[in-house]
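Okay, thanks everyone, I'll keep this short. Let me put the structure up, and then we'll walk from the overall fold to the pocket.

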Amino acid sequence: MGRNLIGGSRVAGVISRYWWLILLPALFAAYLALVSLLTELGKASDTDSGTSPYFESALTLAPWHSDAAASYASYLRAYAVTLPLDAEREALLERVLALYERAMEGRPLWPYYHLGAFDAEYLLNKPAAVIQERFDAVTALAPNERGLDRNLIELSLYSWNKLRDDQKVWVAQRLKTTQHRIRKDMLALIGDLKSYNRDLCIQLPWNLVRRACRE
């Protein structure tokens, strides 16, 4: 019995000395909850400014938080496209790109972050080599991810003259096999873009774009 008392007192001594370790899981959970709350508040806020205290706070607390970085990028992108083509807009879009790059550091295999970066690079009028590299990254990461179709095809049509021939073939094939609703919307887009870029009607399969290019 004496040994039990001694053992119990030792355990009690260890607990009294290191009691704060018991709180670590709870503190970490509270920390994650706070970062998530700030991120959600940022997502719900109006995109009427080139900054967000919610996202700024979330990323100060958790610079590694990919969702906060990507969500902030989306927030800033929505505001940037309302601005005229000036230095402020360009600076914001460069930050959008940097935020997506930060998000990729935490989740390098998540193709939607690369798609967001593709959009920013298109809006920044990056050189063809940059656009081609990003296209390759997206399609290599998710060759069969149909959730990417709408935005990837749309960005590809806008960036058409900067794509390589093999990438244009990939887009044409994807356009043929995507959902009917997406294909219909993309053909309508081609109809809108044809006056600016006749190559869309010349280089895409005629049996696919015939109606869009004739109307």
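So, what does the secondary structure come to here? It's 12 helices and zero strands. If you read along from the N terminus, you just get α-α-α-α-α-α-α-α-α-α-α-α. Keep in mind that this is a predicted model.

Now the chain as a whole. There are 215 residues in the protein, and buried ones make up 38% of them. On the contact side, take the contacts with a separation of 6 or more: 59% of those come from residues 24 or more positions apart. The accessible surface comes to about 12,500 Å², and carbon and sulfur atoms own 57% of that.

Right, on to the pocket. Rolling a probe the size of a water molecule over the atoms shows where empty space is left. The largest pocket in this model comes out at a volume of about 320 Å³. Which elements give two or more residues to its lining? Those would be helix H4 (66-80), helix H5 (87-106), helix H6 (111-123) and helix H8 (149-158). H6 gives the most, with five residues.

In total, 13 residues line this pocket. If you want to click on the ones that lie nearest the centre, go for Arg77, Leu115, Asp119, Asn151 and Leu155.

And what about the chemistry of that lining, for anyone thinking about atom types? The residues split into seven nonpolar, three polar and three charged.

That's my bit. Back to the fold for whoever wants to rotate it: 12 helices, zero strands, with the largest pocket lined by residues from H4, H5, H6 and H8, among others.

Notes. Residues are numbered from 1 along each chain as its sequence is written. This is a predicted model: local features need pLDDT of at least 70, side-chain atom pairs count only at pLDDT 80 or more; totals for chains, interfaces and linings use all residues. Side-chain values use heavy atoms; hydrogens and water are left out. On a 1 Å grid over the protein atoms alone, a cavity is a set of points where a 1.4 Å probe fits but cannot get out, and a pocket is an open set with protein on both sides within 12 Å along at least five of seven lines; lining residues have an atom within 4 Å of a point. Grid points are joined across faces, edges and corners, and a volume is the space filled by probe spheres set on the points. Helices (H or I, at least four residues) and strands (E, at least two) are DSSP runs, numbered from the N terminus. Ala, Val, Leu, Ile, Met, Phe, Trp, Tyr, Cys and Pro count as nonpolar, Asp, Glu, Lys and Arg as charged, and the others, Gly among them, as polar. Buried means under 20% relative accessible area, exposed over 50%, partly exposed in between (1.4 Å probe, protein chains only). Contact means heavy atoms within 4.5 Å. Accessible areas come from the Shrake-Rupley method with a 1.4 Å probe; for residues, only the protein chains shown count as cover.
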